[in-house]
Amino acid sequence: MAEEQKTDRIRRQDCLIDWEHHPDNDENGNPVISDWRELREDWIHEDCDCDEYSLANRKKCYRYYSYDYDKEKFKEWMRQNGYNESLISYWGLEKMFNDEWIKSPAFVDWKDFRVFYSLRQIEAFAENIYDPDMRVAILTYFIDNAEYLLGKSTKKEMLPALKNLRTRYKEAVKIRKKEEALKNADERKKTPKEKPEFVLSLDEIIDYVKTKSPESAPAIRSMLYDMMLHKEGWNKPSTLKKIDSMDVKIVHQGDNVYGNKIGNKIESVGAGAIGVQEVHE
């Protein structure tokens with residue numbers, strides 16, 4: 001009998017709904033399997049959205065926590081584990097904050113939960129919220145609305161402790177942000193910087209030589225000829241023709257003369273600081 005009872009126990013994962021492969025019926029009433037994931041997204045927003053007009057309460061939080069579970073199986077799992085709807089609602093409120101479903105503590109009907117009346121209860125809830133900034137926001141909300149949420153007498157008693165608790169969490173936020181900044185800086189140092197890639201087309205190189213630096217043509221032509229020998233895809237007649245087109249006629253600029261080899265009819269002489277190449281027709 002004990003073995004039979006053990007086998008019949010339900011695990012929470014056994015209650016999960018497979019929205020991607022959900023039993024359905026086609027237009028003729030025949031059973032089919034359908035993908036209900038988009039429907040699920042629409043339905044959960046309709047049923048569980050929380051904002052300034054529709055506050056998170058126990059009903060919404062219970063629904064949010066149990067949304068992806070088969071209702072009857074989930075209730076049986078609760079029964080077997082001694083859980084009630086109030087506890088599931090409390091877990092649902094935590095989950096809403098940790099999933100960033102609730103954007104502000106102002107969007108919660110805190111009094112509906114009937115558990116946030118002592119410092120320990122508020123602190124225990126805040127400890128289970130993952131985001132340090134949201135922890136501070138929740139405590140700030142309780143401090144700013146202490147009289148409404150806690151009552152006059154409790155407010156007077158709890159306010160100093162709540163402020164002290166908030167100070168601790170604020171300091172924790174500062175420290176974690178500094179640690180995160182240092183960690184990110186360290187990661188950036190370890191990550192090799194991508195070297196910028198500078199790309200010039202052959203046409204751009206040739207245009208530069210012809211229009212701005214004709215005296216550099218021999219050296220650049222030599223480099224490009226070497227590229228033709230060693231770079232894949234360069235050894236083409238069209239490429240050779242472009243490189244050969246860098247032969248330019250002599251240009252006179254004041255006392256200096258610039259020029260390039262044209263055919264084999266060249267003699268070199270000196271003029272000013274620059275070598276002169278005279279072309280003999």
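Which residue in strand 2 is the bridge partner of Asn-25? In this predicted model, that partner is Pro-31. The two residues belong to a pairing of strand 1, which covers residues 22-25, with strand 2, which covers residues 31-34. The strands run in the antiparallel sense and are joined over four bridges. Five residues sit between them in the hairpin, and one of note is Gly-29, with a positive phi near 85°.

Stepping back to the whole chain, the secondary structure adds up to 13 helices and six strands. Of the 281 residues in the protein chain, 31% are buried. As for contacts between residues at least 6 apart in sequence, 51% of them bring together residues at least 24 apart.

Gln-80 gives a local example of a buried residue. It is part of helix 4, which spans residues 71-81. Gln-80 counts as buried because its relative accessibility is 18%, and the cut-off for buried is under 20%. Once its neighbours within four places in sequence are set aside, Gln-80 has contacts with Asp-8, Arg-9 and Ile-10.

Next come the aromatic rings. A pair of aromatic rings is described by how far apart the centres are and by the angle of the planes. The structure holds 21 such aromatic pairs. One of them is formed by Phe-97 and Phe-125, an edge-to-face pair with 6.0 Å from centre to centre and 75° between the planes. This pair ties together distant parts of the chain, since Phe-97 lies in helix 5 (residues 85-98) and Phe-125 in helix 7 (residues 119-127), 28 residues apart. Both Phe-97 and Phe-125 are buried.

Trp-110 and Phe-142 make another pair: their ring centres are 5.0 Å apart and their planes meet at 65°, so this pair is edge-to-face too. Here again distant parts of the chain are linked, with Trp-110 in helix 6 (residues 110-113) and Phe-142 in helix 8 (residues 132-144), 32 residues apart. Trp-110 counts as buried because its relative accessibility is 3%, and Phe-142 counts as buried because its value is 1%. Elsewhere, one aromatic cluster is made up of Tyr-62, Tyr-65, Tyr-69, Phe-74, Trp-77, Tyr-83 and Trp-91.

Where is empty space left? Rolling a probe the size of a water molecule over the atoms shows this. A search of the whole structure turns up one cavity of 30 Å³ or more, and the largest cavity has a volume of about 40 Å³. Trp-110 and Phe-142, the ring pair described above, both help to line this cavity, along with Lys-111, Arg-114, Val-115, Phe-116, Tyr-117 and Leu-149. Sorted by class, the lining has six nonpolar residues, two charged ones and no polar ones.

Arg-114, one of the residues lining the cavity, has an unusual side to its backbone. Most residues other than glycine have a negative phi. Arg-114, though not a glycine, has a positive phi near 60°. It is found in the loop between helix 6 and helix 7, and it is exposed, because its relative accessible area is 54% and the cut-off for exposed is over 50%. Glu-100 also has a positive phi, about 60°, without being a glycine. Its place is in the loop between helix 5 and helix 6, and Glu-100 counts as exposed because its relative accessibility is 56%.

Finally, there are the pockets. The largest pocket holds about 270 Å³ of space. Its lining is made of 13 residues, and those nearest the centre are Arg-63, Ser-66, Tyr-67, Tyr-69 and Lys-71. Tyr-69 is also a member of the aromatic cluster. Helix 2 (37-48), helix 3 (58-65) and helix 4 each bring at least two residues to the lining of the largest pocket, and helix 4 gives the most, with three. By class, this lining splits into seven nonpolar, two polar and four charged residues.

The second largest pocket has about 190 Å³ of space. It is lined by Phe-198, Leu-200, Ser-201, Leu-202, Ile-205, Trp-234 and Thr-239. Five of these lining residues are nonpolar and two are polar, with no charged residues in the lining of the second largest pocket.

Technical notes
Residues are numbered from 1 along each chain as its sequence is written. This is a predicted model: local features need pLDDT of at least 70, side-chain atom pairs count only at pLDDT 80 or more; totals for chains, interfaces and linings use all residues. Side-chain values use heavy atoms; hydrogens and water are left out. On a 1 Å grid over the protein atoms alone, a cavity is a set of points where a 1.4 Å probe fits but cannot get out, and a pocket is an open set with protein on both sides within 12 Å along at least five of seven lines; lining residues have an atom within 4 Å of a point. Grid points are joined across faces, edges and corners, and a volume is the space filled by probe spheres set on the points. Ala, Val, Leu, Ile, Met, Phe, Trp, Tyr, Cys and Pro count as nonpolar, Asp, Glu, Lys and Arg as charged, and the others, Gly among them, as polar. Two strands pair if DSSP finds at least two bridges between them. Buried means under 20% relative accessible area, exposed over 50%, partly exposed in between (1.4 Å probe, protein chains only). Contact means heavy atoms within 4.5 Å. Rings of Phe, Tyr and Trp (its six-membered ring) pair if their centres lie within 6.5 Å; planes under 30 degrees apart count as stacked, over 60 as edge-to-face and the rest as tilted.
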